[in-house]
Amino acid sequence: MKVVDANRIFGPIPTGDVPSADAPRLLAELDRLAIDAACVVHSYALHYDPTAPHELPDHPRLFPVPVVVPGPLGTSAPADGVRVVRLCPAEHRFALTGSHGLQMAQDLADRGITVLLGWESASFGEIDRLAGELPGLGIVLINTGYRSLRQLADLMDEHSGIRVDTATLSGHQSVEWIARRYGPHRVLFGTGAPASDDTGPRFQLDHLDLPAADVELIAGGNVLELLR
Amino acid sequence: MSRVIDAHGHLGSWFNFAIPDSSTQGLLAVMDRCGVATMCVSHLLGVGPDARAGNAKLLAELARYPDRLLGYAVYDPHDPQAPERAADLLSVPGVIGLKLHPETHEHSLAGPGYEPAFELAAERGRLVLSHSQHESPWSDPAHFAVVAARHPSVQLLMGHAGLTPPGFAAAAEVATQYPNVTLEICGSRMTDGDLAWLVATVGATQLVFGSDALFLDLRVGLGRVMLGPLAPADRDLLLFGTMTRLLEGIR
């Protein structure tokens with residue numbers, strides 16, 4: 001089974017000395033937890049300047065995820081070959097469903113690029129509108145927390161392009177419930193590390209009450225398909 | 001055979017988010033799946049609006065699963081009959097102590113409403129597990145210092161170990177100062193790095209594993225202990241050693 005973390009941060013973060021501050025330590029951490037690869041967003045893009053280019057390690061186990069900001073004060077369009085990007089509307093103070101946001105999202109949808117979107121980074125209404133206006137846009141809601149299941153159900157019932165990651169989806173049997181109701185293809189293993197814990201989701205992955213084929217999709221099959 | 005003890009679990013359901021399967025059988029299935037032998041639980045109906053009814057449900061489930069569940073009876077500081085009721089509950093086989101939730105009851109852990117609970121726990125030699133929440137007016141770690149000093153014979157479990165990263169440091173300070181305070185580690189904000197720091201700072205003899213299931217997913221909390229950067233001896237203390245010692249101390 002290939003295990004790929006769909007939601008990981010590379011680089012130093014302001015709240016602690018973390019193993020993923022540099023590439024060797026990040027790779028050692030992935031080894032320790034038996035994670036084969038990870039989608040990584042640069043901490044500078046999250047916490048410093050999202051519009052400047054930040055070099056991510058060139059390593060076959062690390063898949064760079066650029067941060068995208070719409071509008072005249074934002075980033076340029078993702079380079080050719082980019083398959084997954086991250087949007088942080090709350091942190092980077094742009095309107096997800098403003099004119100620039102929707103225009104950028106349309107471009108991403110047209111190019112088949114999937115968006116990682118933090119649950120706390122946009123409102124339910126914004127996510128609902130984004131997914132409704134752009135049904136072709138792939139959206140992975142990350143860091144959804146343990147209290148959001150009813151709202152996730154509203155969104156996932158309505159919008160087939162919405163998926164979730166497991167980073168903080170830590171309510172009792174929430175992962176199984178989503179996988180059974182919406183299909184395992186709509187659940188991606190993720191950790192959010194080092195901002196959130198990686199050991200819990202990793203252990204949970206090995207102990208899911210789901211068929212092995214479903215677990216394989218969640219563990220890495222789904223995100224590898226998005227990256228293809 | 002597993003010896004793992006989950007020191008902080010719940011039965012029942014909760015109002016402000018969905019728990020897809022709130023059955024005790026479903027919880028036991030997850031315990032079996034990840035190798036947890038025993039869970040020490042309170043009933044969420046008791047933690048919430050109705051301690052009397054919640055405790056009755058707890059006793060029924062303890063009777064159904066005596067080999068898998070141990071119980072904390074919820075102590076409602078607003079119930080005038082709470083001391084007598086708690087005394088009766090502590091006589092029931094499988095009830096190991098009292099569960100206090102200062103947040104839901106909006107009563108300070110160090111307030112007068114909880115004093116009979118601590119006196120009872122001291123008299124009967126039982127554990128007290130309380131929710132903790134850093135900077136809360138009801139359950140900040142500083143409140144644990146007050147009651148730990150006031151009742152040195154009571155073994156007090158600080159649920160969530162302060163709950164937030166700043167709270168972990170505050171909790172560690174209390175545990176370091178008071179040997180009758182043990183930190184229980186469940187919560188959605190803790191990372192394996194936080195846990196390793198607590199072990200290094202407090203020592204695993206004053207730490208116990210808890211998951212907060214079926215509020216939270218048991219496997220997520222257990223994963224921090226199983227996969228975190230801990231020495232094997234410390235891991236064993238967290239998983240069962242410390243809690244076994246505390247349970248053996250129950251008279």
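Two strands count as paired here if DSSP finds at least two bridges between them. With that in hand, the sheet of chain B in this predicted model is easy to follow: it is open, has 8 strands with parallel pairing, and runs in the order β1-β2-β3-β4-β5-β6-β7-β8. At its edges sit β1 (5-11) and β8 (207-208) of chain B, each of which pairs on one side only. Zooming in on one pair, strand β2 (residues 38-43) of chain B runs parallel to strand β3 (residues 69-74) of chain B, and 3 bridges join them. For V41(B), the bridge partner in β3(B) is G71(B).

Helices pack on this sheet too. Helix α3 (residues 51-64) of chain B touches β1, β2 and β3 of chain B, and its direction makes about 165° with that of β3(B). Further along, helix α7 (residues 141-150) of chain B lies across β6 (156-159) and β7 (181-184) of chain B, at about 175° to β6(B).

That same α7(B) also meets helix α8 (residues 165-177) of chain B: their axes come within 9 Å and cross at roughly 15°. Because angles under 35 degrees count as roughly parallel, α7(B) is roughly parallel to α8(B). The crossing of the two helices is right-handed. On the α7(B) side, the contact is made by P141(B), F144(B) and A145(B), while α8(B) brings G167(B), A170(B), A171(B), V174(B) and Q177(B).

What about the nonpolar interior? The largest nonpolar core has 158 residues, and those with the most contacts inside it are A73(B), A117(B), V128(B) and L198(B). Taking V128(B) as an example, and leaving aside residues up to four places away in sequence, its contacts include G97(B), L98(B), L100(B), F118(B) and A121(B). V128(B) also touches A117(B), V154(B), L156(B) and L157(B).

Chain A has an open sheet as well, with 5 strands in the order β4-β5-β6-β7-β8 and parallel pairing. Its edge strands, β4 (84-87) and β8 (187-188) of chain A, have a single partner strand each, so one side of each is left without a neighbour in the sheet. Between β4(A) and strand β5 (residues 114-118) of chain A, which run parallel, there are 4 bridges. Here V85(A) stands opposite V115(A) in β5(A).

Helix α7 (residues 174-182) of chain A has a buried set made up of S174(A), V175(A), E176(A), I178(A) and A179(A). These buried residues pack against α6, β7 (162-165), β8, α8 (199-206) and α9 (212-227) of chain A. Just after α7(A) comes G183(A), with a positive phi near 100°.

Now for the place where the chains meet. Chain B puts 28 residues into the contact and chain A puts in 23 residues. On the chain B side, the elements giving two or more residues are α1 (24-34), α9 (192-202) and α10 (218-227) of chain B. The largest share of that side, 8 residues, comes from α10(B).

One residue of chain A that reaches across is R147(A), which touches N16(B) and F17(B). R147(A) lies in the loop between β6 (139-142) and α6 (149-158) of chain A. It has 16 C-beta neighbours inside 10 Å, so R147(A) counts as partly exposed. Back within chain A, R147(A) and H47(A) are 100 residues apart along the chain, and their C-alpha atoms are separated by 25 Å.

Definitions and conventions:
Residues are numbered from 1 along each chain as its sequence is written. Chains are lettered from A and ligands numbered from 1 in the order in which they are written. This is a predicted model: local features need pLDDT of at least 70, side-chain atom pairs count only at pLDDT 80 or more; totals for chains, interfaces and linings use all residues. Two residues are in contact if their C-beta atoms, placed from the backbone, lie within 7 Å. Axes are lines fitted to C-alpha atoms, for helices over the stretch in contact, and angles run from 0 to 180 degrees between N-to-C directions. A nonpolar core is a set of buried Ala, Val, Leu, Ile, Met, Phe, Trp, Tyr and Cys residues joined through C-beta atoms within 7 Å. A residue is buried if 20 or more other C-beta atoms lie within 10 Å of its own, exposed if 12 or fewer, and partly exposed in between; C-beta atoms are placed from the backbone. Angles under 35 degrees count as roughly parallel, over 145 as roughly antiparallel, 65 to 115 as roughly perpendicular and the rest as oblique. A crossing is left-handed if the near helix is turned anticlockwise from the far one by less than a right angle, and right-handed if clockwise.
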